[in-house]
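User: Please take a close look at one part of this structure and explain it to me slowly, as I am in my first year. I would also like to hear about its surroundings and about the ligands.

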Amino acid sequence: MKNINFSIGIIGCGNMGSAILRGLLSKGVVHAESILLNDIDKRKLEDLSLTSGCSKADLDNLVPNSDYIIIAVKPQDSEKLLKTIASMTVNHTIISVMAGITIEKISKIMGVHTPIVRVMPNMGALVKHSMTAIAFNQYVSNRDIVFKIFSSIGSVLEVEEKDMDAVTAVSGSGPAYLFYMASACFESAKKMGLKESVARELIVETLYGASTILRHEKIKSFNDLIAGVASKGGTTEAALNVFNKKGLNDIFIDALSQAKKRSEELNQKIV
Ligand SMILES: NC(=O)C1=CN([C@@H]2O[C@H](COP(=O)(O)OP(=O)(O)OC[C@H]3O[C@@H](n4cnc5c(N)ncnc54)[C@H](O)[C@@H]3O)[C@@H](O)[C@H]2O)C=CC1
Ligand SMILES: O=C(O)[C@@H]1CCC=N1
C-alpha cells in the first residue's frame with residue numbers, strides 16, 4: 001500500500017489500539033515515525049513503543065502532532081479524556097472505536113464542527129481480518145484516509161451511524177460468540193472422551209473451514225448451507241433438533257438485543 005504523508009495518534013494501546021497499530025505498520029499505511037502512542041498504563045506503553053518503533057507521547061505532545069487521533073479507551077474512561085483533548089484540537093479528525101459513544105456525544109465535548117468518525121472494528125484485527133464498520137459526520141473531508149487506516153486490519157464497510165449499536169452487537173462482539181460456541185463444543189467433546197488436543201484441533205479447523213465456506217458462498221442462504229451438512233435422519237439433524245427444541249435461535253436474538261441495549265446504555269453514561 002502506498003505510504004501517505006499524515007500522522008496518527010493512538011490513545012489507548014490495549015487489545016484494539018495495539019491491533020490497529022500493528023495493521024498500520026505491517027501494511028505500510030504510515031511509517032512508525034508518524035505514529036504517536038499514549039496510554040495511562042506506562043509499562044504497556046513502554047513495551048509497545050519498543051516493539052513497534054513508535055514514540056510514546058503525552059497528550060499535549062500527541063494532539064498537536066497528529067492529524068488523526070484514534071480513541072481506543074473503554075467508553076467508561078472516555079469523558080475526562082475527551083474533555084482534556086478538546087482544548088488542544090484544531091483541525092484534527094477524531095476516530096473513536098468505542099462501543100456505544102455517539103458522534104453527537106463526542107461533538108458535544110469536542111465542538112460541533114469537529115470531524116468525527118465512529119468506527120466498530122472487531123478482534124479479527126489481530127489477524128488482519130477485522131470486519132470494521134465506519135460512520136462519518138459531515139465534517140470529515142478525507143474519508144479515503146480513514147478507509148485506508150482500517151483496511152490495514154481487514155474489511156471495511158460504511159454504515160449509517162444509527163445502525164452502530166446493532167453493528168456492535170453483531171460484528172463488534174461477534175468473535176466472542178464464536179469463541180463461546182467453540183468452548184461449548186470443546187466441553188462437550190471432552191465429555192465424550194476426546195483428548196483436549198484432539199478436541200481443540202477438530203473444533204478450530206472446523207470453524208476455519210466453515211467460515212471459509214461462508215466467505216466463498218456469499219449468495220447461498222444460511223439454511224441451504226445447513227441443509228448441505230444435515231442429512232435426513234442423520235447426526236447433524238439430531239443435534240439441530242435439540243437446538244431448535246431448546247430455542248437456541250431465540251437465545252441468540254435475546255443475547256444480541258442485550259448487547260445492542262448495552263451499547264446504547266454506554267452512551268448514556270457520559271455527559
Ligand atoms: N476488544 C474488542 O474486541 C473491541 C473493542 N472495541 C472498543 O475498543 C476500545 C478499547 O477496548 P480494548 O482495547 O478491548 O480495551 P483494553 O482495556 O485492552 O484497552 C484500553 C486501553 O486504554 C487505556 N486507557 C484507559 N484510560 C486511558 C486514558 N485516559 N488515557 C490513555 N489510555 C487510557 C488502558 O490502560 C488500556 O491499555 C473500547 O472502547 C471498546 O469498546 C471495539 C471493537 C472491538
Ligand atoms: O465488549 C465490548 O464492549 C467491546 C465492544 C465490542 C467488542 N468489545
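Analyst: Strand β6 and strand β7 (residues 130-136) pair in the antiparallel sense over four bridges, where pairing requires that DSSP finds at least two bridges between two strands. The strands and helices named here are DSSP runs numbered from the N terminus, a helix being H or I over at least four residues and a strand being E over at least two. This is a predicted model, in which local features need pLDDT of at least 70 and side-chain atom pairs count only at pLDDT 80 or more, while totals for chains, interfaces and linings use all residues. Residues are numbered from 1 along each chain as its sequence is written, and chains are lettered from A and ligands numbered from 1 in the order in which they are written.

Within the pairing of β6 with β7, Val119 stands opposite Ile134. Strand β5 (residues 93-96) is also joined to β6, here by three bridges and with the two strands running parallel, and Ser96 has Arg118 as its bridge partner in β6. Between β5 and β6 the chain passes through helix α5 (residues 103-110), and this β-α-β crossover is right-handed, a term used if, with the strands pointing away from the viewer, the path from the first strand over the helix to the second runs clockwise.

Strand β6 itself, residues 116-120, is mostly covered, since five of its five residues are buried. A residue is called buried if 20 or more other C-beta atoms, placed from the backbone, lie within 10 Å of its own, exposed if there are 12 or fewer, and partly exposed in between. Ile116, Arg118 and Met120 lie on one side of β6 and Val117 and Val119 on the other, and all of them are buried.

Helix α8 (residues 174-191) offers a contrast, as the count of buried residues among its 18 residues is zero. From its first C-alpha to its last, α8 reaches 26 Å, close to the 26 Å expected, the expected span being 1.5 Å times one less than the number of residues. Just after α8, Gly193 takes a positive phi of about 95°.

Turning to the ligands, 26 residues surround ligand 1, and Gly12, Gly14, Met16, Met98 and Ala99 come nearest; a residue counts as near if its C-beta atom, placed from the backbone, lies within 6 Å. The largest share of this shell, three residues, comes from helix α1 (residues 15-26). Around ligand 2 stand Ala99, Thr168, Gly172 and Ser173.

The UniProt record, an unreviewed entry, places the feature "binding site" at Ile11, Gly12, Cys13, Gly14, Asn15, Met16, Ala72, Val73, Lys74 and Pro75. These residues span 65 residues in sequence, yet no two of their C-alpha atoms are more than 14.1 Å apart, so they gather at one spot. UniProt positions follow the numbering used here, feature names are shortened, and annotations may be inferred rather than shown by experiment. One of the listed residues, Ile11, is found in strand β1 (residues 8-11), and Ile11 is buried because 27 other C-beta atoms lie within 10 Å.
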